[in-house]
Amino acid sequence: MAEKTNYLIGKAEVLTEITPPPKMNPQGRELYTIEEVVNRIRPKLKKVNEDLSALDPALCPRDFAVAELTLHPSYIAKGHFPNKLLRKIGVRSIGSKASDVKPDRWLRVGEPELSPTTSLFIAGKRENLASFEAQLEYMSSEDDAAEDLKKVWSINTVEPKNKIKHGKSKSEDYLEVGLQLIPDVSSDFIKQSFCSYAQELGFEVRDDLSLEISNLWFIPVIGESNKSIDLARHSFVRVVRPVPALRSFRPLVRSLSGSSEAILPTAPPVASDARVAILDGGLPTQHALSPWVKEYRLSDPSALDYPGGPNHGLGVTSAFLFGPLPYNKEAPRPYSYVDHYRVLDSEISGEDPLELYRTLTHIEDILISRQYEFINISLGPDLPIDDDEIHPWTSLLDTYLSDGETFLTIAAGNNGENDSTTGLNRIQVPSDSVNSVAVGASDQSGNSWKRAGYSAVGPGRAPGRIKPDLLAFGGSHLQYFHVINDELPPRLVPQQGTSFASPYLLRKAVGVRVIFGHDISPLAIKALLVNSADTNNQDLHHVGWGKAVDSLSQLTESPDGVAKIVYQGELKPGKYLHVPVPMPKGGINGMVNIKATCCFSTAVDPRDTSMYTKGGIEITWYPKKGKKSEGFFKQQKKATEAELRRDAAKWETVLHEEKKKNGKLLDDPAFQIHYMAREAGAPVSATKADTIKYAFIVTLEAPKHTSIFNDILDSYAELLSEIKPRITTDIQVTT
């Protein structure tokens with residue numbers, strides 16, 4: 001009789017419980033007296049008021065204007081947000097960005113250094129800021145806002161030149177403008193003010209293609225690019241940049257002389273209930289994928305195909321259905337059917353520079369429908385990410401993915417060989433999304449892989465520092481990624497690109513869903529992929545958490561000496577969740593390698609680039625019950641020293657680490673997860689914040705304890721159960 005295959009230990013969330021918070025030590029000494037702060041701030045505020053009073057009324061709708069308030073680096077945690085001060089001035093925080101300052105004093109030991117902090121964009125009537133300048137003279141330590149004022153380092157005018165971003169564009173006269181709006185009130189007067197002002201400058205304003213995300217309004221305008229600085233003078237303009245071009249498709253080879261015929265399977269997909277969509281450039285008029293493409297839809301039936309789009313879409317869909325096609329061998333059976341949407345097209349009117357705005361609205365329509373649990377996007381702007389600004393593509397995707405119900409893969413980009421000193425080789429928008437899975441490419445399958453030279457690199461923005469999230473085989477001159485062409489019968493076409501690595505990774509994710517059904521969530525599939533990935537000793541900022549395993553069985557099975565434990569559920573704001581790690585009776589024999597991965601989804605704040613995620617977690621590790629905690633999720637190798645100082649690691653949506661311990665020294669080991677919520681950088685009360693979905697995977701690897709999987713199940717027989725495959729027929733799980 002064949003030995004029993006062990007899979008995953010599920011329902012571990014039943015072991016968890018809410019626990020009281022640990023005791024906190026309040027922060028000690030003050031840095032400044034109120035008199036010292038007033039003397040430092042007064043001349044800066046005077047200059048701001050002089051600058052704002054000189055502005056033309058057309059730049060300040062209803063006399064509202066925007067200034068920049070920079071916090072002292074010692075006071076940038078969410079608990080230090082200056083709410084009382086903003087109320088006293090009569091302004092609202094409408095956004096933020098990361099800044100660096102060198103203070104004259106700080107709360108740390110040693111001489112102050114250039115340190116990260118947060119600059120808030122504050123909006124209010126000009127008369128309110130002028131009035132506060134007069135009140136400042138009389139502020140004392142008894143004033144309600146005095147403690148908040150002590151946290152402020154400076155107040156400044158937002159210079160128009162600092163709003164201008166440069167980049168590649170199909171036409172230099174097509175610009176994208178991002179406006180900051182005032183939250184929770186009608187901001188139509190700001191939009192109308194800007195549109196009128198831009199038209200007076202001679203710009204055509206395409207408000208029909210505008211996008212509003214959170215309190216940011218993105219609108220394309222057409223006019224003389226040398227007037228960008230004039231556009232930026234409008235007080236509520238956050239950013240002006242060229243409308244980026246579409247990422248160019250890597251050269252697609254139609255076929256090679258003497259290339260082999262593709263041998264496609266004849267069987268239907270393994271399952272029919274997985275809802276999968278490929279959003280790409282369409283499909284050719286004839287192709288061999290019809291048995292598995294359930295629906296083919298044109299987002300705009302009146303538009304023409306984008307040049308090269310259908311061949312690209314065919315290759316991407318082939319990569320999802322079969323993975324890299326083998327020579328002279330039947331391709332693997334698809335795990336599911338797929339729908340293909342042509343979201344990228346070419347309008348008959350030829351407005352190519354604005355094609356990406358139309359494409360994004362097509363993508364939004366599909367996300368709004370909530371039809372799909374698995375989606376792939378292998379296209380986007382030809383734009384490396386910017387640490388200062390969130391692009392509308394990124395923020396829109398993150399907003400729709402915040403519920404944790406969709407597993408979306410995005411190609412990281414093929415610009416990895418561009419100039420590294422200027423950051424042109426960094427991942428491209430929208431793969432900086434924190435709620436999706438950004439996929440880079442390895443140069444080959446197997447164990448001797450490296451990052452493919454063309455594959456875009458990290459780091460991503462903090463939060464979202466580890467990017468791309470994962471690598472998958474994407475092809476190279478060492479080993480091509482073969483897809484089908486549009487001939488009948490189809491032939492093999494050698495390709496390479498993150499465009500194919502991304503749907504190939506999605507194939508693995510759908511394979512897990514098909515095998516286990518809905519016993520495992522999209523977030524748990526993401527955590528499983530990260531938990532099983534291998535960096536092959538390469539730089540995390542080049543390969544993310546590593547390359548996804550080649551064999552699906554490596555994700556779904558627990559071999560001898562291994563137990564994979566799955567926790568799935570929700571985190572309540574402000575609460576501390578005790579997460580016990582189940583142990584066999586009598587403990588673990590020998591050394592054990594503990595791999596832990598936590599993934600969660602969160603709402604985002606695109607106006608606050610330095611505080612983008614609204615949710616964050618701290619995880620503490622207790623190897624022995626009742627004893628002191630030990631470090632586990634170390635951030636030193638993943639974040640810069642500056643990011644560590646501003647606690648950016650607390651706001652990452654993926655945490656992964658491993659640690660070796662002597663099994664006999666583990667005594668009721670447990671993790672503790674603390675979920676924190678913020679809004680515009682300020683703390684949110686537990687009654688107002690949302691619960692968030694999470695998945696936590698703990699893998700115990702104990703070579704000397706071969707029966708660890710079954711021993712854990714025996715010890716928790718009434719609580720834990722094995723997640724077993726729902727598929728009883730033999731299926732191919734190697735790719």
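This section describes the overall fold, the surface and the aromatic contacts of one protein chain. The model is predicted.

The secondary structure of the protein chain comprises 15 helices and 31 strands. The radius of gyration is 27 Å, close to the 27 Å that the globule rule gives for 735 residues, so the chain is as compact as a globular protein of that length. Along the principal axes, the C-alpha atoms fill a box of roughly 85 × 70 × 40 Å. Contacts are dominated by pairs distant in sequence. Of those between residues at least 6 apart, 83% join residues at least 24 apart.

Buried residues account for 61% of the 735 residues in the chain. The exposed area is about 29,000 Å². Carbon and sulfur atoms supply 48% of that area. Charged side chains number 84 positive and 94 negative. The centres of these two sets lie 5 Å apart.

Helix H9 spans residues 392–401. Of its 10 residues, 9 are buried, so the helix is largely enclosed by the rest of the structure. The buried set includes the aromatic residues Trp 393 and Tyr 400. Leu 396, Leu 397 and Leu 401 are also buried, as are Pro 392, Thr 394 and Ser 395. Asp 398 completes the list of buried residues in H9.

Aromatic contacts were examined next. The structure holds 15 aromatic pairs. In one of them, the ring centres of Phe 64 and Phe 189 lie 5.8 Å apart. Their planes meet at 55 degrees, so the pair is tilted; stacking would require an angle under 30 degrees, and an edge-to-face arrangement one over 60. Phe 64 belongs to strand S3 (residues 64–71) and Phe 189 to helix H5 (residues 188–200), so the pair ties together parts that are 125 residues apart in sequence. Both Phe 64 and Phe 189 are buried.

A second pair joins Phe 473 and Phe 481. Here the ring centres are 5.6 Å apart and the planes lie at 25 degrees, so the pair is stacked. Phe 473 has 2% relative accessibility and counts as buried. Phe 481, at 0%, also counts as buried. Both values fall under the 20% cut-off for burial.

Aromatic residues also group beyond single pairs. One cluster is formed by Tyr 567, Trp 621, Phe 632, Phe 633, Phe 671 and Phe 696.

Notes. Residues are numbered from 1 along each chain as its sequence is written. This is a predicted model: local features need pLDDT of at least 70, side-chain atom pairs count only at pLDDT 80 or more; totals for chains, interfaces and linings use all residues. Side-chain values use heavy atoms; hydrogens and water are left out. Helices (H or I, at least four residues) and strands (E, at least two) are DSSP runs, numbered from the N terminus. The radius of gyration is taken over C-alpha atoms; the globule rule is 2.2 Å times the number of residues to the power 0.38. Buried means under 20% relative accessible area, exposed over 50%, partly exposed in between (1.4 Å probe, protein chains only). Contact means heavy atoms within 4.5 Å. Accessible areas come from the Shrake-Rupley method with a 1.4 Å probe; for residues, only the protein chains shown count as cover. Lys and Arg count as positive and Asp and Glu as negative; His and the chain ends are not counted. The place of a charge is taken as NZ of Lys, CZ of Arg, CG of Asp or CD of Glu. Rings of Phe, Tyr and Trp (its six-membered ring) pair if their centres lie within 6.5 Å; planes under 30 degrees apart count as stacked, over 60 as edge-to-face and the rest as tilted.
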